[in-house]
Amino acid sequence: MGAMRIDERHTSDLLGQSTRTVVLPSGLTVQMCRMPGFVTAYAMLTVGVGSIDTGYRVRGREVRLPAGVAHYLEHKMFDCPYGDAMQRFDALGASANAFTSFDKTAYYFSCTENFSKALEVLLDFVATPYFTGPSVRRERGIIAEELRMYRDSPEWMVTANLLQAMYHVHPIREDIAGTEESIAHIDAALLRRCYERFYCPGNMVLSVAGCFEEDAVLELAEKYFPTAKTAANPLTIREPRTVREHYCEQKMPIATPMFQVGFKAAGGEKENMRHRLLDELLLDLICGETTDLYRRLYEAGEINATFGSEVMAGRDFICAMFDGESRQPQAVYEALCERVTTLQRQGIPPQDFARCRRANYGRTIGLYGRAESIAGLMAAAHFSGMKDIYYPLETLRSATVEELEQRLREDYDTANSALSVIRPQGGQ
């Protein structure tokens, strides 16, 4: 007997919104959120493969892949026998694009008309890849130029250098697009093998939000992905808990030094989504705009309006970061570490926790009013093993001071932190 279709709905009474998740017999998951009153539709097909997938296991044998292969594959997926798929999107009035992250590759479009036709273009080029030797070789120069452009970007390099400082062996150390040396080993045959190993219905999710018809989405999804196929098992990386080095520096043609501080945490696939939300609260508590530390650093001229924070999390990695411009980056780093140590020792003031949770809750609710945000939440929920997209609200509702303090003690060890600095050239 063939696989049965699984069909579930999840509703948020608070938002007056619901999502429908259908797992087709092929294993493809289709997530849908109809948004009354919207005239725009947004669709995203996400594949569970990214730059950290530098190999896979098949029949007990490990197969290694050159860095950047997932990104290279994303570039060439738009090639079709009839030409470039982007031209078809343009003809339909749809705005399309794609991206490769550390652990995912996504292809997406938005439109106000011709939705079903645009969705068919998306599903068609992802389901039926078309690689030719000359086209793949030509792309090598384009990606090499992209890599050179990234190396000339101080905003990019301050993060890239930090990740290399924090991680010993994890592929997150490498550029998502690889290196000019690694992409020289990528050809049409290798792209085809990687496609066959990772672009399987069970390793994909189609997320649609806005104005569309559910039956039309399901009909097209079944048409283009009718057969089940199992994806390869990615290799497991054993990354040490410690950082490789605490400080790294590079000089570039900039006016003001740039910095990024990272706190390396232990990555866990199923826990990472909840931990990411808790860490966003912690970053606000450590040095958000309402904290005494932020005001002190700002008034002393040690940070400026560029200062910010983020949590970078994926399948098996998570780190919390602060970044900005500063003429005294070491002093900012030391102040952040001192603040973390003080909160670990004295605890988090309940009134600060309540204030930050309200602010984060308000920002999170805003995500559910945008079709592209909902599609992103649906894809993230799928690959994190969450049942629905309303888990961020529930996580923030159920978070406690004690839980945050435990997270602070366990994963904000200042010994596992690092500082990356980009300084002006020529001693400016």
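How many bridges join strand 9 to strand 10? Six bridges do, and the two strands run antiparallel. This is a predicted model. The points below cover a hairpin, two open sheets, a pair of helices, the cysteines and a few loop residues.

**Strands 9 and 10**

- Strand 9 spans residues 95–100, and strand 10 spans residues 105–111.
- A hairpin of four residues links strand 9 to strand 10.
- Strand 9 has two faces, one covered and one uncovered.
- Ala-96, Ala-98 and Thr-100 make up the covered face.
- Ser-95, Asn-97 and Phe-99 make up the uncovered face.
- Asn-97 has Tyr-108 of strand 10 as its bridge partner.
- Lys-104 sits in the loop between strand 9 and strand 10.
- Setting aside neighbours within four places in sequence, Lys-104 is in contact with Thr-46, Val-47, Val-49, Gly-50, Phe-99 and Phe-383.
- Phe-99, on the uncovered face of strand 9, is thus among the residues that Lys-104 contacts.
- From Lys-104 to Ile-142 is 38 residues in sequence and 21 Å in space, C-alpha to C-alpha.

**The sheet of three strands**

- Three strands form an open sheet in the order 6-5-12, with antiparallel pairing.
- Strand 6 (61–64) and strand 12 (233–234) are the edges.
- Each edge strand has a single partner strand, so one side of each has no neighbour in the sheet.
- Strand 5 covers residues 55–58 and is joined to strand 6 by four bridges.
- Across that pairing, Tyr-56 stands opposite Val-63 of strand 6.
- The loop between strand 5 and strand 6 holds Arg-59.
- Arg-59 is not a glycine, yet its phi is positive, at about 50°.
- Arg-59 counts as exposed because its relative accessibility is 76%, and the cut-off for exposed is over 50%.

**The sheet of five strands**

- A second open sheet has five strands in the order 13-17-14-16-15, with mixed pairing.
- Strand 13 and strand 15 (308–313) stand at its edges.
- Each of these two has a single partner strand, so one side of each is without a neighbour in the sheet.
- From one strand to the next, the twist averages 20°.
- Strand 14 pairs with strand 16 (residues 318–325) over eight bridges, in the antiparallel sense.
- Within strand 16, Gly-324 is the bridge partner of Phe-259.
- Thr-256 lies in the loop between strand 13 (247–252) and strand 14 (258–265).
- Thr-256 counts as buried because its relative accessibility is 18%, and buried means under 20%.
- Leaving out neighbours within four places in sequence, Thr-256 contacts Glu-325, Ser-326, Arg-327 and Pro-424.

**Helices 9 and 11**

- Helix 9 lies across strand 15 and strand 16, at about 35° to strand 16.
- Helix 11 lies across strand 13, strand 14, strand 16 and strand 17 (417–424), at about 160° to strand 17.
- The axes of helix 9 (residues 272–287) and helix 11 (residues 329–346) come within 9 Å and cross at roughly 110°.
- That crossing makes helix 9 roughly perpendicular to helix 11.
- Leu-285, Ile-286 and Cys-287 of helix 9 meet Leu-336, Arg-339, Val-340 and Leu-343 of helix 11.
- By class, this contact has six nonpolar residues, one charged residue and no polar ones.

**Cysteines**

- The disulfide count is zero.
- Cys-211 is in no disulfide, and its nearest cysteine sulfur belongs to Cys-111, 9.0 Å away.
- Cys-211 counts as partly exposed, at 40% relative accessibility.
- Cys-287 is in no disulfide either, and the nearest cysteine sulfur is that of Cys-356, 11 Å away.
- Cys-287 counts as buried, at 3% relative accessibility.
- Cys-287 is also one of the helix 9 residues that meet helix 11.

**A further positive phi**

- Asn-114 is in the loop between strand 10 and helix 3 (115–127).
- Asn-114 has a positive phi, near 60°, in a residue other than glycine.
- Asn-114 is partly exposed, with a relative accessible area of 32%.

Notes: Residues numbered from 1 in each chain as written. Predicted model: local features only at pLDDT ≥ 70, side-chain atom pairs only at ≥ 80, totals over all residues. Heavy atoms only, no water. Buried < 20%, exposed > 50% of the residue type's maximum accessible area, 1.4 Å probe, protein only. Contact = heavy atoms within 4.5 Å. Pairing = 2+ DSSP bridges. Axes fitted to C-alpha atoms, helices over the stretch in contact; angles between N-to-C directions. Parallel < 35°, antiparallel > 145°, perpendicular 65-115°, else oblique. Nonpolar A, V, L, I, M, F, W, Y, C, P; charged D, E, K, R; others polar. Disulfide = S-S within 2.5 Å.
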